[in-house]
Amino acid sequence: MTGRERHRDPDRLEQVSHELRTPVAAIRACCEILLANPELSPVERESFLTAILRESRRLGRLVDGLLADPTDDPAGEPLRIDLAAIAREAAGACLPLFLEKAVQLSIDLPEQGLWMRADPDRITQLIINLLANALHACKHGTGRVWLHCGRASADALDLSVVDNGPGIPENQQDRIFEPFQQISAGTRTPAGTGLGLSICRQIVEAAGGT
């Protein structure tokens with residue numbers, strides 16, 4: 001497959017489209033909140049503006065990756081990163097979307113660093129995908145999502161996202177991590193491309209996890 005053919009790969013284009021959609025949605029939500037709430041305090045306004053700047057920069061990096069020579073290694077350079085800090089930033093990026101849907105987001109993150117080696121943008125994408133998936137499962141006004149990071153053992157970290165939506169039938173829990181697979185459970189209806197969780201699995205496995 002040539003470089004030009006890779007750029008036209010429909011599966012790859014679908015994946016890139018999915019990755020670009022979340023920062024765009026976060027930026028839009030922040031702008032709408034700022035416009036609709038002129039009485040926000042300076043601290044609150046700074047928080048939303050910081051989120052816009054952070055997601056704009058991440059969007060720029062995603063676009064740079066899309067335009068890069070496809071014969072280059074697409075993976076970012078593994079760095080020593082703090083999983084808890086990455087999770088806190090990812091939760092901040094998603095917060096406007098949670099506010100928009102009136103869903104509560106609770107985070108349980110240690111102050112002490114949870115260090116690992118991975119591409120920080122990919123780990124950010126992992127957590128945002130999980131949070132967005134959980135948000136979609138929740139009902140407006142009564143939904144709640146929990147984000148937890150901790151140490152599972154001396155050499156392993158644990159990351160979990162839990163929501164109070166209708167849940168996933170046991171016989172479909174493996175299938176949802178396959179590309180383009182979507183389910184309908186209770187009031188939950190399929191949306192998007194069905195790529196979010198398959199991207200999550202790719203990122204986790206690339207970082208040596210399960």
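# Notebook: helices, cores and a few single residues

I began with helix α6, where I listed the buried residues as Gly196, Leu197, Ser198, Ile199, Cys200 and Ile203. I note here that the model is a predicted one. Just past this helix I looked up glycine 208, which follows α6 and has a positive phi, near 85 degrees.

**Overall layout**

I then stepped back to the whole chain, in which I found six helices and five strands. Reading along the sequence, I wrote down their order as α-α-α-β-α-β-β-α-β-β-α. Of the 210 residues in the chain, 34% are buried. I also looked up how far apart in sequence the contacting residues are: taking contacts between residues at least 6 apart, I found that 67% join residues at least 24 apart.

**The nonpolar cores**

Which residues of the largest nonpolar core touch the most other members? This core has 36 residues, and the ones I noted in answer are Leu83, Phe98, Ile123, Ile127, Leu131, Val145 and Leu147. I next asked which elements give two or more residues to the core, and these are the helices α2 (10–36), α4 (83–101), α5 (120–137) and α6 (196–206), together with the strands β3 (115–118) and β4 (144–153). The largest share, 10 residues, comes from α4. There is also a second, separate core of eight residues, and I recorded Ile33, Phe48, Ala51 and Ile52 as being among its members. As background for this entry, I remind myself that nonpolar side chains in soluble globular proteins tend to be buried together.

I followed leucine 131 further and listed what it touches, leaving out residues up to four places away in sequence: Ala90, Ala91, Cys94, Phe98, Leu105, Val145, Leu147 and Val161.

**α4 against α5**

For packed helices I look up two values, since such a pair is described by the angle between the axes and the distance between them. The axes of α4 and α5 are 9 Å apart, and the helices pack at an angle of about 35 degrees, in a right-handed crossing. From α4 the contact takes in Leu83, Ile86, Ala87, Ala90, Ala91, Ala93, Cys94, Leu97, Phe98 and Lys101, while α5 brings Pro120, Ile123, Thr124, Ile127, Ile128, Leu131, Leu135 and His136. Sorting these residues by class, I have 15 nonpolar, two polar and one charged.

**α5 against α6**

Here the axes come within 9 Å and cross at roughly 145 degrees, and I noted the crossing as left-handed. On the α5 side I listed Arg122, Ile123, Gln125, Leu126, Asn129, Leu130 and Asn133, and on the α6 side Gly196, Leu197, Ile199, Cys200, Ile203 and Val204. By class this contact has eight nonpolar, four polar and one charged residues.

**α3 against α4**

The axes of α3 and α4 come within 10 Å and cross at roughly 115 degrees, and this crossing is left-handed. The contact is made by Phe48, Ala51, Arg54 and Glu55 of α3, which meet Glu89, Gly92, Ala93, Pro96 and Leu99 of α4. I divided these residues into five nonpolar, one polar and three charged.

**Glutamate 55**

I returned to glutamate 55, which is found in helix α3 (residues 42–67). Is this residue buried or exposed? With a relative accessible area of 3%, glutamate 55 counts as buried, because the cut-off for buried is under 20%. I then looked for a partner for its side chain, and found a polar contact with the side chain of arginine 58 at 2.9 Å. Setting aside residues up to four places away in sequence, I saw that glutamate 55 touches Pro23, Ala26, Ile27, Ala93 and Ile128.

**Glutamate 178**

Glutamate 178 lies in the loop between β5 (156–163) and α6. Its relative accessibility is 35%, and I therefore entered it as partly exposed. I also looked up its separation from arginine 201: the two are 23 residues apart in sequence, and their C-alpha atoms are 8.8 Å apart in space.

**Alanine 102**

My last entry concerns the loop between α4 and β2 (104–108), where alanine 102 is found. What is the phi of alanine 102? I read a value near 55 degrees, which is positive although the residue is not a glycine. I made a point of noting this because most residues other than glycine have a negative phi. Alanine 102 is partly exposed, with a relative accessible area of 36%.

Notes: Residues are numbered from 1 along each chain as its sequence is written. This is a predicted model: local features need pLDDT of at least 70, side-chain atom pairs count only at pLDDT 80 or more; totals for chains, interfaces and linings use all residues. Side-chain values use heavy atoms; hydrogens and water are left out. A nonpolar core is a set of buried Ala, Val, Leu, Ile, Met, Phe, Trp, Tyr and Cys residues joined through side-chain atoms within 4.5 Å. Buried means under 20% relative accessible area, exposed over 50%, partly exposed in between (1.4 Å probe, protein chains only). Helices (H or I, at least four residues) and strands (E, at least two) are DSSP runs, numbered from the N terminus. Contact means heavy atoms within 4.5 Å. A polar contact is a pair of N or O atoms within 3.5 Å; within protein, one must be able to donate a hydrogen and the other to accept it, and residues adjacent in sequence count only if both atoms are side-chain atoms. Axes are lines fitted to C-alpha atoms, for helices over the stretch in contact, and angles run from 0 to 180 degrees between N-to-C directions. A crossing is left-handed if the near helix is turned anticlockwise from the far one by less than a right angle, and right-handed if clockwise. Ala, Val, Leu, Ile, Met, Phe, Trp, Tyr, Cys and Pro count as nonpolar, Asp, Glu, Lys and Arg as charged, and the others, Gly among them, as polar.
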